[in-house]
Amino acid sequence: MVILFPVKQILPMILVAFGQALSNPLFWLVVLLVGAQYRRFAQTKQRLFGVTDEPVWQHTLLATFHGLLGGLLGSFLMILVGISLSQIPIVWLLILAFSLMLISPRFLCFSYAGGIISLSSILLGFPKTDVPHLMGLVAILHMVESILILISGHLGALPVYTRNVTGRVVGAFNLQKFWPIPIVALLAVPLTGQVNPADMVQMPDWWPLIRPMHAGNLDNVIYAILPVIAGLGYGDLAVTSVPQRKSRISAFNLAVYSLLLGLSVFASYYPVFSIVPALFGPLGHEYIIKLGQRRELNGKPLYVAPPEGVMVLDVLRSSPAASMGLKSGDILISVNGYRVNSRYDLAEALAISPFFVEVDFISFDQKQFVRRQGRKPVDEPFGVILAPEPYDSPHVEFGQKGFLPRFWERLLRK
(Lines give C-alpha, C1' and ligand atoms only; values in the text may rest on other atoms or scores of the structure.)
Protein backbone atom coordinates (compact mmCIF):
# COMPACT_ATOMS: atom_id res chain seq x y z
CA MET A 1 0.00 0.00 0.00
CA VAL A 2 1.34 3.43 -0.96
CA ILE A 3 1.35 5.85 1.96
CA LEU A 4 1.11 9.57 1.19
CA PHE A 5 3.55 11.97 2.78
CA PRO A 6 2.15 12.75 6.28
CA VAL A 7 1.98 16.53 5.97
CA LYS A 8 -0.49 16.96 8.87
CA GLN A 9 1.86 15.16 11.27
CA ILE A 10 5.11 16.65 9.95
CA LEU A 11 4.06 20.30 9.65
CA PRO A 12 3.41 20.86 13.40
CA MET A 13 6.80 19.29 14.17
CA ILE A 14 8.46 21.66 11.70
CA LEU A 15 6.72 24.66 13.28
CA VAL A 16 7.83 23.63 16.78
CA ALA A 17 11.45 23.20 15.67
CA PHE A 18 11.16 26.46 13.71
CA GLY A 19 10.10 28.24 16.89
CA GLN A 20 13.12 26.79 18.68
CA ALA A 21 15.34 28.22 15.95
CA LEU A 22 13.77 31.66 16.41
CA SER A 23 14.46 31.54 20.14
CA ASN A 24 18.13 30.77 19.47
CA PRO A 25 20.35 33.85 20.07
CA LEU A 26 22.41 32.80 17.04
CA PHE A 27 19.48 33.57 14.75
CA TRP A 28 19.26 37.13 16.05
CA LEU A 29 23.02 37.47 15.71
CA VAL A 30 22.61 36.60 12.03
CA VAL A 31 19.82 39.22 11.80
CA LEU A 32 22.20 41.81 13.27
CA LEU A 33 24.87 40.83 10.76
CA VAL A 34 22.34 41.20 7.93
CA GLY A 35 21.39 44.63 9.28
CA ALA A 36 25.08 45.59 9.36
CA GLN A 37 25.39 44.71 5.67
CA TYR A 38 22.40 46.88 4.74
CA ARG A 39 23.82 49.67 6.87
CA ARG A 40 27.06 49.43 4.92
CA PHE A 41 25.16 49.74 1.62
CA ALA A 42 23.30 52.80 2.91
CA GLN A 43 26.62 54.37 3.87
CA THR A 44 28.01 53.56 0.43
CA LYS A 45 25.07 55.28 -1.24
CA GLN A 46 25.57 58.31 0.98
CA ARG A 47 29.30 58.38 0.21
CA LEU A 48 28.89 57.99 -3.56
CA PHE A 49 25.94 60.27 -4.21
CA GLY A 50 25.32 62.20 -0.99
CA VAL A 51 21.79 60.83 -0.62
CA THR A 52 19.97 58.46 1.69
CA ASP A 53 16.90 56.38 0.95
CA GLU A 54 14.86 53.86 2.95
CA PRO A 55 15.89 53.30 6.60
CA VAL A 56 18.18 50.36 7.25
CA TRP A 57 15.69 48.77 9.63
CA GLN A 58 13.12 48.48 6.82
CA HIS A 59 15.53 46.48 4.64
CA THR A 60 16.52 44.30 7.60
CA LEU A 61 12.92 43.66 8.67
CA LEU A 62 11.84 42.79 5.13
CA ALA A 63 14.85 40.51 4.61
CA THR A 64 14.08 38.73 7.89
CA PHE A 65 10.45 38.23 6.88
CA HIS A 66 11.45 36.80 3.51
CA GLY A 67 14.09 34.66 5.22
CA LEU A 68 11.43 33.16 7.50
CA LEU A 69 9.28 32.26 4.48
CA GLY A 70 12.29 30.77 2.72
CA GLY A 71 13.24 28.86 5.86
CA LEU A 72 9.78 27.30 6.12
CA LEU A 73 9.88 26.24 2.49
CA GLY A 74 13.42 24.89 2.82
CA SER A 75 12.50 23.00 6.00
CA PHE A 76 9.61 21.24 4.29
CA LEU A 77 11.80 20.35 1.29
CA MET A 78 14.59 19.05 3.53
CA ILE A 79 12.23 16.65 5.29
CA LEU A 80 10.29 15.75 2.13
CA VAL A 81 13.54 14.71 0.44
CA GLY A 82 14.92 13.20 3.64
CA ILE A 83 18.28 14.96 3.81
CA SER A 84 20.14 14.06 6.99
CA LEU A 85 23.00 16.06 8.48
CA SER A 86 24.41 12.97 10.21
CA GLN A 87 27.02 12.23 7.55
CA ILE A 88 27.58 15.78 6.28
CA PRO A 89 30.77 17.38 7.71
CA ILE A 90 29.18 20.74 8.49
CA VAL A 91 32.29 22.07 10.26
CA TRP A 92 34.51 21.26 7.28
CA LEU A 93 31.90 22.78 4.98
CA LEU A 94 31.91 26.08 6.88
CA ILE A 95 35.71 26.22 7.24
CA LEU A 96 36.25 25.60 3.52
CA ALA A 97 33.55 28.06 2.45
CA PHE A 98 35.06 30.87 4.51
CA SER A 99 38.57 29.93 3.29
CA LEU A 100 37.44 30.14 -0.34
CA MET A 101 35.99 33.57 0.40
CA LEU A 102 39.58 34.78 0.87
CA ILE A 103 40.13 34.05 -2.84
CA SER A 104 36.90 35.70 -4.00
CA PRO A 105 33.73 36.77 -2.15
CA ARG A 106 31.55 34.84 -4.61
CA PHE A 107 33.20 31.58 -3.49
CA LEU A 108 31.43 31.94 -0.14
CA CYS A 109 28.91 29.43 -1.42
CA PHE A 110 28.27 25.83 -0.43
CA SER A 111 28.26 24.77 -4.09
CA TYR A 112 32.05 25.18 -4.25
CA ALA A 113 32.88 23.94 -0.75
CA GLY A 114 30.38 21.08 -1.05
CA GLY A 115 31.78 20.01 -4.41
CA ILE A 116 35.38 20.04 -3.19
CA ILE A 117 34.52 18.06 -0.04
CA SER A 118 32.49 15.57 -2.09
CA LEU A 119 35.32 15.02 -4.58
CA SER A 120 37.83 14.67 -1.75
CA SER A 121 35.59 12.10 -0.08
CA ILE A 122 35.20 10.11 -3.32
CA LEU A 123 38.86 10.21 -4.38
CA LEU A 124 40.69 10.30 -1.03
CA GLY A 125 38.14 9.00 1.47
CA PHE A 126 38.44 12.15 3.61
CA PRO A 127 36.43 13.75 5.02
CA LYS A 128 33.93 10.91 5.06
CA THR A 129 30.81 12.32 3.45
CA ASP A 130 27.44 11.17 2.20
CA VAL A 131 27.83 12.91 -1.16
CA PRO A 132 24.16 12.74 -2.31
CA HIS A 133 22.98 14.22 1.00
CA LEU A 134 25.60 16.99 0.94
CA MET A 135 24.90 18.00 -2.66
CA GLY A 136 21.15 17.61 -2.05
CA LEU A 137 21.52 20.14 0.77
CA VAL A 138 23.33 22.49 -1.64
CA ALA A 139 20.54 22.05 -4.21
CA ILE A 140 17.73 22.83 -1.75
CA LEU A 141 19.48 25.93 -0.42
CA HIS A 142 19.87 27.22 -3.98
CA MET A 143 16.25 26.37 -4.72
CA VAL A 144 15.16 28.49 -1.76
CA GLU A 145 17.59 31.23 -2.81
CA SER A 146 16.12 31.32 -6.33
CA ILE A 147 12.65 31.96 -4.89
CA LEU A 148 13.95 34.67 -2.55
CA ILE A 149 15.75 36.35 -5.46
CA LEU A 150 12.59 36.24 -7.55
CA ILE A 151 10.58 37.83 -4.72
CA SER A 152 13.03 40.42 -3.44
CA GLY A 153 16.36 40.27 -5.29
CA HIS A 154 15.78 43.67 -6.92
CA LEU A 155 14.72 45.51 -3.76
CA GLY A 156 17.16 48.09 -2.42
CA ALA A 157 19.43 47.85 -5.49
CA LEU A 158 22.42 50.19 -5.15
CA PRO A 159 23.10 52.48 -8.14
CA VAL A 160 26.78 52.36 -9.14
CA TYR A 161 29.12 53.07 -12.02
CA THR A 162 31.09 50.21 -13.54
CA ARG A 163 33.27 49.52 -16.57
CA ASN A 164 32.13 47.17 -19.33
CA VAL A 165 34.25 45.08 -21.70
CA THR A 166 34.86 48.07 -24.02
CA GLY A 167 36.30 50.11 -21.14
CA ARG A 168 33.32 52.46 -21.07
CA VAL A 169 32.01 53.60 -17.68
CA VAL A 170 28.29 52.84 -17.54
CA GLY A 171 25.53 52.96 -14.97
CA ALA A 172 24.47 49.79 -13.20
CA PHE A 173 22.70 48.47 -10.13
CA ASN A 174 24.52 46.44 -7.54
CA LEU A 175 22.07 43.78 -6.37
CA GLN A 176 23.06 42.67 -2.89
CA LYS A 177 20.66 40.76 -0.67
CA PHE A 178 21.09 38.86 2.57
CA TRP A 179 18.53 36.71 4.34
CA PRO A 180 18.66 35.09 7.81
CA ILE A 181 17.34 31.55 7.38
CA PRO A 182 16.12 29.39 10.26
CA ILE A 183 15.76 25.93 8.77
CA VAL A 184 14.79 22.49 10.03
CA ALA A 185 16.87 19.46 9.07
CA LEU A 186 16.99 15.78 9.93
CA LEU A 187 19.50 13.90 12.04
CA ALA A 188 19.73 10.12 11.65
CA VAL A 189 20.13 8.41 15.02
CA PRO A 190 20.80 4.67 15.52
CA LEU A 191 17.89 2.86 17.14
CA THR A 192 19.24 1.49 20.44
CA GLY A 193 16.07 0.68 22.38
CA GLN A 194 12.31 0.62 22.37
CA VAL A 195 10.52 3.64 20.96
CA ASN A 196 6.97 4.60 21.77
CA PRO A 197 4.99 4.35 18.49
CA ALA A 198 3.00 7.41 19.55
CA ASP A 199 6.20 9.46 19.31
CA MET A 200 6.89 8.33 15.75
CA VAL A 201 5.45 9.29 12.37
CA GLN A 202 5.00 6.53 9.82
CA MET A 203 6.65 7.58 6.56
CA PRO A 204 5.81 6.25 3.10
CA ASP A 205 7.82 3.44 1.55
CA TRP A 206 9.41 5.75 -1.02
CA TRP A 207 10.84 8.00 1.71
CA PRO A 208 13.57 9.21 1.97
CA LEU A 209 14.05 10.24 -1.64
CA ILE A 210 17.80 10.55 -1.07
CA ARG A 211 18.84 7.20 0.37
CA PRO A 212 21.52 7.35 3.05
CA MET A 213 24.74 5.35 2.96
CA HIS A 214 23.18 2.88 5.42
CA ALA A 215 20.13 2.41 3.18
CA GLY A 216 20.30 -1.35 3.68
CA ASN A 217 19.63 -1.00 7.39
CA LEU A 218 16.96 1.71 7.62
CA ASP A 219 14.94 -0.32 10.13
CA ASN A 220 17.63 0.37 12.75
CA VAL A 221 17.59 4.14 12.24
CA ILE A 222 15.23 6.85 13.42
CA TYR A 223 15.24 10.49 12.36
CA ALA A 224 15.11 13.46 14.72
CA ILE A 225 14.18 16.98 13.62
CA LEU A 226 16.94 19.52 14.26
CA PRO A 227 16.65 23.34 14.02
CA VAL A 228 19.58 24.96 12.20
CA ILE A 229 20.52 28.63 11.73
CA ALA A 230 21.81 29.68 8.32
CA GLY A 231 22.11 32.69 6.07
CA LEU A 232 21.79 33.15 2.33
CA GLY A 233 23.25 35.92 0.19
CA TYR A 234 22.91 37.11 -3.39
CA GLY A 235 25.17 39.47 -5.32
CA ASP A 236 24.98 40.58 -8.94
CA LEU A 237 25.28 43.58 -11.27
CA ALA A 238 22.46 44.74 -13.55
CA VAL A 239 24.06 46.56 -16.51
CA THR A 240 22.04 45.51 -19.56
CA SER A 241 18.63 45.28 -17.89
CA VAL A 242 16.61 46.77 -15.08
CA PRO A 243 17.05 45.21 -11.61
CA GLN A 244 13.67 43.45 -11.72
CA ARG A 245 14.49 41.66 -14.97
CA LYS A 246 18.02 40.85 -13.84
CA SER A 247 16.75 39.25 -10.63
CA ARG A 248 14.23 37.19 -12.63
CA ILE A 249 17.01 35.92 -14.91
CA SER A 250 19.20 35.06 -11.91
CA ALA A 251 16.30 33.29 -10.19
CA PHE A 252 15.59 31.24 -13.31
CA ASN A 253 19.25 30.23 -13.67
CA LEU A 254 19.41 29.12 -10.04
CA ALA A 255 16.15 27.20 -10.42
CA VAL A 256 17.69 25.30 -13.36
CA TYR A 257 20.84 24.75 -11.31
CA SER A 258 18.65 23.19 -8.61
CA LEU A 259 18.29 20.17 -10.91
CA LEU A 260 21.32 19.16 -8.88
CA LEU A 261 18.72 17.73 -6.49
CA GLY A 262 17.66 15.18 -9.10
CA LEU A 263 21.29 14.18 -9.68
CA SER A 264 21.71 13.72 -5.91
CA VAL A 265 18.63 11.50 -5.68
CA PHE A 266 19.90 9.39 -8.60
CA ALA A 267 23.38 9.09 -7.05
CA SER A 268 21.89 7.92 -3.75
CA TYR A 269 20.45 4.87 -5.54
CA TYR A 270 23.51 4.35 -7.74
CA PRO A 271 26.54 5.44 -5.65
CA VAL A 272 28.93 4.85 -8.55
CA PHE A 273 27.50 8.05 -10.09
CA SER A 274 28.15 10.18 -6.96
CA ILE A 275 30.89 12.01 -8.84
CA VAL A 276 28.22 13.52 -11.15
CA PRO A 277 26.55 15.79 -8.53
CA ALA A 278 29.99 16.37 -6.96
CA LEU A 279 31.23 17.85 -10.24
CA PHE A 280 27.99 19.50 -11.31
CA GLY A 281 27.73 21.40 -8.00
CA PRO A 282 30.75 23.72 -8.40
CA LEU A 283 31.08 23.57 -12.22
CA GLY A 284 27.38 24.22 -12.86
CA HIS A 285 27.36 27.13 -10.42
CA GLU A 286 30.50 28.59 -11.98
CA TYR A 287 28.94 28.29 -15.42
CA ILE A 288 25.80 30.25 -14.53
CA ILE A 289 27.94 32.92 -12.82
CA LYS A 290 30.20 33.29 -15.87
CA LEU A 291 27.18 33.24 -18.19
CA GLY A 292 25.58 36.11 -16.27
CA GLN A 293 28.81 38.12 -16.13
CA ARG A 294 29.46 37.66 -19.86
CA ARG A 295 25.96 38.84 -20.63
CA GLU A 296 26.37 41.96 -18.53
CA LEU A 297 29.91 42.74 -19.74
CA ASN A 298 29.35 42.18 -23.46
CA GLY A 299 25.71 43.22 -23.76
CA LYS A 300 24.42 46.67 -24.61
CA PRO A 301 24.50 48.81 -21.44
CA LEU A 302 21.19 50.31 -20.45
CA TYR A 303 22.29 53.30 -18.36
CA VAL A 304 24.58 55.53 -20.44
CA ALA A 305 24.75 59.24 -21.17
CA PRO A 306 22.38 60.03 -24.10
CA PRO A 307 23.35 62.30 -27.05
CA GLU A 308 21.05 64.99 -25.59
CA GLY A 309 19.85 65.43 -22.05
CA VAL A 310 20.82 63.36 -19.03
CA MET A 311 19.65 59.86 -18.11
CA VAL A 312 18.19 59.10 -14.71
CA LEU A 313 19.92 56.11 -13.12
CA ASP A 314 17.88 56.04 -9.91
CA VAL A 315 15.12 58.00 -8.19
CA LEU A 316 14.86 58.32 -4.42
CA ARG A 317 11.56 57.23 -2.95
CA SER A 318 9.31 59.98 -1.56
CA SER A 319 11.41 62.66 -3.31
CA PRO A 320 10.08 65.52 -5.47
CA ALA A 321 11.36 63.67 -8.56
CA ALA A 322 9.43 60.54 -7.59
CA SER A 323 6.24 62.55 -6.94
CA MET A 324 6.51 63.93 -10.50
CA GLY A 325 6.67 60.40 -11.92
CA LEU A 326 10.35 60.26 -12.87
CA LYS A 327 11.75 56.72 -13.05
CA SER A 328 15.01 54.97 -13.69
CA GLY A 329 15.91 55.17 -17.41
CA ASP A 330 14.02 58.42 -18.11
CA ILE A 331 15.97 61.08 -20.03
CA LEU A 332 15.71 64.61 -18.69
CA ILE A 333 15.63 67.15 -21.54
CA SER A 334 14.98 70.42 -19.73
CA VAL A 335 14.27 71.68 -16.22
CA ASN A 336 12.51 74.99 -15.57
CA GLY A 337 12.84 75.80 -19.27
CA TYR A 338 16.61 75.27 -19.41
CA ARG A 339 18.26 72.48 -21.39
CA VAL A 340 20.25 70.06 -19.24
CA ASN A 341 23.15 67.99 -20.62
CA SER A 342 25.12 67.40 -17.42
CA ARG A 343 24.61 67.20 -13.68
CA TYR A 344 26.03 70.74 -13.49
CA ASP A 345 23.28 71.97 -15.85
CA LEU A 346 20.69 70.21 -13.71
CA ALA A 347 21.95 71.85 -10.52
CA GLU A 348 21.90 75.27 -12.19
CA ALA A 349 18.38 74.77 -13.55
CA LEU A 350 17.04 73.63 -10.18
CA ALA A 351 18.58 76.66 -8.47
CA ILE A 352 16.58 79.02 -10.69
CA SER A 353 13.28 78.18 -9.01
CA PRO A 354 13.81 76.75 -5.50
CA PHE A 355 10.12 76.02 -4.81
CA PHE A 356 8.66 75.10 -8.18
CA VAL A 357 10.03 72.61 -10.74
CA GLU A 358 8.95 71.91 -14.29
CA VAL A 359 10.64 69.01 -16.08
CA ASP A 360 10.52 67.78 -19.65
CA PHE A 361 11.68 64.20 -20.17
CA ILE A 362 11.49 61.18 -22.43
CA SER A 363 9.87 58.32 -20.53
CA PHE A 364 11.81 55.06 -20.38
CA ASP A 365 8.70 52.88 -20.74
CA GLN A 366 6.75 54.54 -23.55
CA LYS A 367 9.60 56.55 -25.15
CA GLN A 368 7.25 59.54 -25.18
CA PHE A 369 7.79 63.21 -24.36
CA VAL A 370 6.35 64.10 -20.95
CA ARG A 371 6.08 67.42 -19.10
CA ARG A 372 5.50 67.42 -15.35
CA GLN A 373 5.34 70.09 -12.67
CA GLY A 374 5.83 69.87 -8.94
CA ARG A 375 7.13 71.50 -5.77
CA LYS A 376 10.51 71.11 -4.14
CA PRO A 377 11.31 72.41 -0.65
CA VAL A 378 14.53 74.42 -0.53
CA ASP A 379 16.24 72.08 1.94
CA GLU A 380 15.22 68.87 0.12
CA PRO A 381 17.19 67.32 -2.79
CA PHE A 382 15.42 66.82 -6.09
CA GLY A 383 15.99 63.08 -5.72
CA VAL A 384 17.65 61.81 -8.91
CA ILE A 385 20.96 60.02 -9.43
CA LEU A 386 22.23 60.43 -12.98
CA ALA A 387 23.94 57.92 -15.25
CA PRO A 388 27.72 58.45 -15.54
CA GLU A 389 29.15 61.19 -17.67
CA PRO A 390 32.26 60.73 -19.88
CA TYR A 391 34.83 61.55 -17.19
CA ASP A 392 33.28 59.71 -14.27
CA SER A 393 35.20 56.86 -12.62
CA PRO A 394 33.80 53.38 -11.89
CA HIS A 395 32.74 52.50 -8.35
CA VAL A 396 32.82 48.72 -8.72
CA GLU A 397 34.46 46.20 -11.03
CA PHE A 398 33.35 42.77 -12.22
CA GLY A 399 35.13 39.84 -10.59
CA GLN A 400 35.85 41.35 -7.20
CA LYS A 401 39.01 39.86 -5.72
CA GLY A 402 39.38 38.46 -2.23
CA PHE A 403 41.99 39.13 0.42
CA LEU A 404 44.58 36.60 -0.78
CA PRO A 405 44.84 37.83 -4.43
CA ARG A 406 45.02 41.44 -3.26
CA PHE A 407 47.70 40.56 -0.71
CA TRP A 408 49.70 38.68 -3.36
CA GLU A 409 49.49 41.63 -5.78
CA ARG A 410 50.77 43.99 -3.08
CA LEU A 411 53.73 41.66 -2.47
CA LEU A 412 54.58 41.57 -6.19
CA ARG A 413 54.52 45.37 -6.40
CA LYS A 414 57.10 45.69 -3.59
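## Cores, rings and strands in a predicted model

Ile 140 touches Gly 74, Leu 77, Met 78, Val 81, Ile 83 and Leu 261, once residues up to four places away in sequence are set aside. The model is predicted. Ile 140 also belongs to the largest nonpolar core, which holds 63 residues. Seven of these residues touch the most other members: Met 78, Ile 83, Leu 137, Ile 140, Phe 173, Trp 179 and Leu 232. Helix H6 supplies the largest share of this core, with 11 residues. A second core lies apart from it. That one has 19 residues, among them Leu 332, Val 357, Val 359 and Leu 386. In soluble globular proteins, nonpolar side chains tend to be buried together.

### Helix H6

Helix H6 covers residues 131-152, which makes 22 residues. From first C-alpha to last, H6 reaches 31 Å. That is close to the 32 Å expected at 1.5 Å a residue. How many of the 22 residues of H6 are buried? The count is 18, and H6 is mostly covered.

Two residues show what surrounds this helix. Ser 146 is found in H6. Ser 146 counts as buried because its relative accessibility is 5%, and the cut-off for buried is under 20%. Ser 146 touches Ala 251, Leu 254 and Ala 255, not counting residues up to four places away in sequence.

Leu 148 lies in H6 too. Its relative accessible area is 3%, so Leu 148 is buried. Leaving aside neighbours within four places in sequence, Leu 148 is in contact with His 66, Gly 70, Gly 153, Trp 179, Ile 181 and Leu 232. Trp 179 and Leu 232 appeared above, among the core residues that touch the most other members. Leu 148 and Ser 247 are 99 residues apart along the chain. Their C-alpha atoms are separated by 9.7 Å.

### Aromatic pairs

Now to the rings. The model counts 14 aromatic pairs. One of them joins Phe 41 and Phe 178. Their ring centres are 6.2 Å apart, with 20° between the planes, and the pair is stacked. Why does this pair tie together parts that are 137 residues apart in sequence? The reason is that Phe 41 lies in helix H2 (residues 25-49) and Phe 178 in strand S2 (residues 169-190). Phe 41 is buried, with a relative accessible area of 13%.

Phe 49 and Tyr 161 form another aromatic pair, and this one is edge-to-face. The centres are 5.8 Å apart and the planes meet at 75°. This pair also links distant parts of the chain. Phe 49 is in helix H2, while Tyr 161 is in strand S1 (residues 158-163), 112 residues apart. Tyr 161 is buried, at 5% relative accessible area. Elsewhere, Phe 5, Phe 76 and Trp 206 form one aromatic cluster.

Past S1 comes a loop. Asn 164 is found in the loop between S1 and S2. Is Asn 164 buried or exposed? At 9% relative accessibility, Asn 164 counts as buried. Setting aside neighbours within four places in sequence, Asn 164 is in contact with Val 170, Leu 297 and Pro 301.

### Strands and their partners

Strand S4 spans residues 310-315, and six of its six residues are buried. S4 pairs with strand S5 (residues 331-335) and with strand S9 (residues 384-386). Strand S7 (residues 356-362) pairs with strand S8 (residues 369-375). The table sets out these pairings.

| Strands | Bridges | Direction |
|---|---|---|
| S4 and S5 | two bridges | antiparallel |
| S4 and S9 | three bridges | antiparallel |
| S7 and S8 | seven bridges | antiparallel |

Single residues mark the matches. Met 311 stands opposite Ile 331 in S5. Val 312 stands opposite Leu 386 in S9. Leu 386 is also one of the 19 residues of the second core. Val 357 has Gly 374 in S8 as its bridge partner, and Val 357 is in the second core as well. In a regular strand the side chains alternate between the two faces of the sheet.

S7 and S8 form a hairpin, with six residues between them. Which residue in the turn has a positive phi? Lys 367 does, at about 55°.

Terms used. Residues are numbered from 1 along each chain as its sequence is written. This is a predicted model: local features need pLDDT of at least 70, side-chain atom pairs count only at pLDDT 80 or more; totals for chains, interfaces and linings use all residues. Side-chain values use heavy atoms; hydrogens and water are left out. Rings of Phe, Tyr and Trp (its six-membered ring) pair if their centres lie within 6.5 Å; planes under 30 degrees apart count as stacked, over 60 as edge-to-face and the rest as tilted. Helices (H or I, at least four residues) and strands (E, at least two) are DSSP runs, numbered from the N terminus. Buried means under 20% relative accessible area, exposed over 50%, partly exposed in between (1.4 Å probe, protein chains only). The expected span of a helix is 1.5 Å times one less than its number of residues. Contact means heavy atoms within 4.5 Å. Two strands pair if DSSP finds at least two bridges between them. A nonpolar core is a set of buried Ala, Val, Leu, Ile, Met, Phe, Trp, Tyr and Cys residues joined through side-chain atoms within 4.5 Å.
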